[in-house]
Amino acid sequence: MELKKKNVRTILLIITFAVVLYTAAQNLSSIYDAIKTVWNVFGVVITGLAMAFVLNVPLKLFENRLFYGMSEDRRPLVRKLRRAVSLLCSLVVTLMPRSAASARLEGSLSPFFNTPRNMSPRIHL
């Protein structure tokens, strides 16, 4: 292999990558802590963006189909309320099935959680 400028640069890049990879492997706990810190900072933003993405579909549906007449009203307050009422309706439609499902799940799992409490007085050691 000839030691041309391009070959030397490639060899140095491979050596640098190997050193960085070795250092990262030696300090995995520090890297994990750094990733966890970044996730704690940006996790809220990512969650908010995901919620906005999901809520936008029913919001536009309510705004354009159900409350369309409010946009043609002469009163500015009614036109401004169109967005707020659509947001409230989309929140209710999106969150109601989830709360009902969690209540149903909690009700069906309660015997499993209450069993240890009921059994503990009967156990004599």
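Let me begin with a definition: a residue is called buried when its relative accessible area is under 20%, exposed when it is over 50%, and partly exposed in between, using a 1.4 Å probe and protein chains only. Accessible areas themselves come from the Shrake-Rupley method with a 1.4 Å probe, and for residues only the protein chains shown count as cover.

Next, the ground rules. This is a predicted model, in which local features need pLDDT of at least 70 and side-chain atom pairs count only at pLDDT 80 or more, while totals for chains, interfaces and linings use all residues. Residues are numbered from 1 along each chain as its sequence is written, and side-chain values use heavy atoms, with hydrogens and water left out.

On confidence: pLDDT is the predictor's confidence in each residue, from 0 to 100. The protein chain has a mean pLDDT of 81, with 77% of its residues at 70 or more. Among its elements, helix 1, residues 5-26, has the highest mean, 93, and helix 3 the lowest, 72. Where pLDDT is low, the predicted coordinates should not be read in detail.

Now the overall layout. The protein chain contains 3 helices and 0 strands, in the order α-α-α from the N terminus. Helices here are DSSP runs of H or I with at least four residues, strands are runs of E with at least two, and both are numbered from the N terminus. The chain has 125 residues, and 10% of them count as buried. Its accessible surface is about 11100 Å², with 70% of that belonging to carbon and sulfur atoms. For contacts, the criterion is heavy atoms within 4.5 Å. Of the contacts between residues at least 6 apart in sequence, 39% join residues at least 24 apart.

Then the charged groups. Side chains of opposite charge can pair when their charged atoms come close. The criterion for a salt bridge is a side-chain nitrogen of Lys or Arg within 4 Å of a carboxyl oxygen of Asp or Glu. How many salt bridges does the structure hold? There are 2. In one of them Glu63 pairs with Lys60, with 3.8 Å between the closest N and O atoms. Both residues belong to helix 2, residues 28-66, and sit 3 residues apart, about one turn of the helix. Arg83 also forms a salt bridge with Glu63, here with the closest N and O atoms 2.9 Å apart. This pair links distant parts of the chain, since Arg83 is in helix 3, residues 76-119, and Glu63 is in helix 2, 20 residues apart. Through shared partners, Lys60, Glu63 and Arg83 are joined into one network. As for exposure, Glu63 is buried at 8% relative accessible area, Lys60 is partly exposed at 36%, and Arg83 is partly exposed at 41%.

Two residues show where helix 2 meets helix 3. Pro58 is located in helix 2 and is buried, with a relative accessible area of 16%. Leaving out residues up to four places away in sequence, Pro58 touches Ser90 and Thr94. The C-alpha atoms of Pro58 and Leu87 are 8.4 Å apart, with their positions 29 residues apart along the chain. Ser90 lies in helix 3. Is Ser90 buried or exposed? Ser90 is buried, at 0% relative accessible area. With the same exclusion of residues up to four places away in sequence, Ser90 touches Leu55, Pro58, Leu59 and Phe62. A polar atom of the Ser90 side chain lies 2.8 Å from the backbone oxygen of Leu87. That is a polar contact, meaning a pair of N or O atoms within 3.5 Å; within protein, one must be able to donate a hydrogen and the other to accept it, and residues adjacent in sequence count only if both atoms are side-chain atoms.

Arg79 is also placed in helix 3, and is partly exposed at 39% relative accessible area. Apart from neighbours within four places in sequence, Arg79 is in contact with Met70, Ser71, Asp73 and Arg74. The Arg79 side chain reaches the backbone oxygen of Arg74 at 3.4 Å. The C-alpha atoms of Arg79 and Phe67, 12 residues apart along the chain, are 9.7 Å from each other.

Last, the surface. Val38, Trp39, Val41, Phe42, Val45, Ile46 and Leu49 make a nonpolar surface patch of about 700 Å². Patches are made of residues with over 30% relative accessible area and no salt bridge, joining like charges within 9 Å and nonpolar side chains (Val, Leu, Ile, Met, Phe, Trp, Tyr) within 5 Å. Ile46, one of the patch residues, is in helix 2 and is partly exposed, at 42% relative accessibility.
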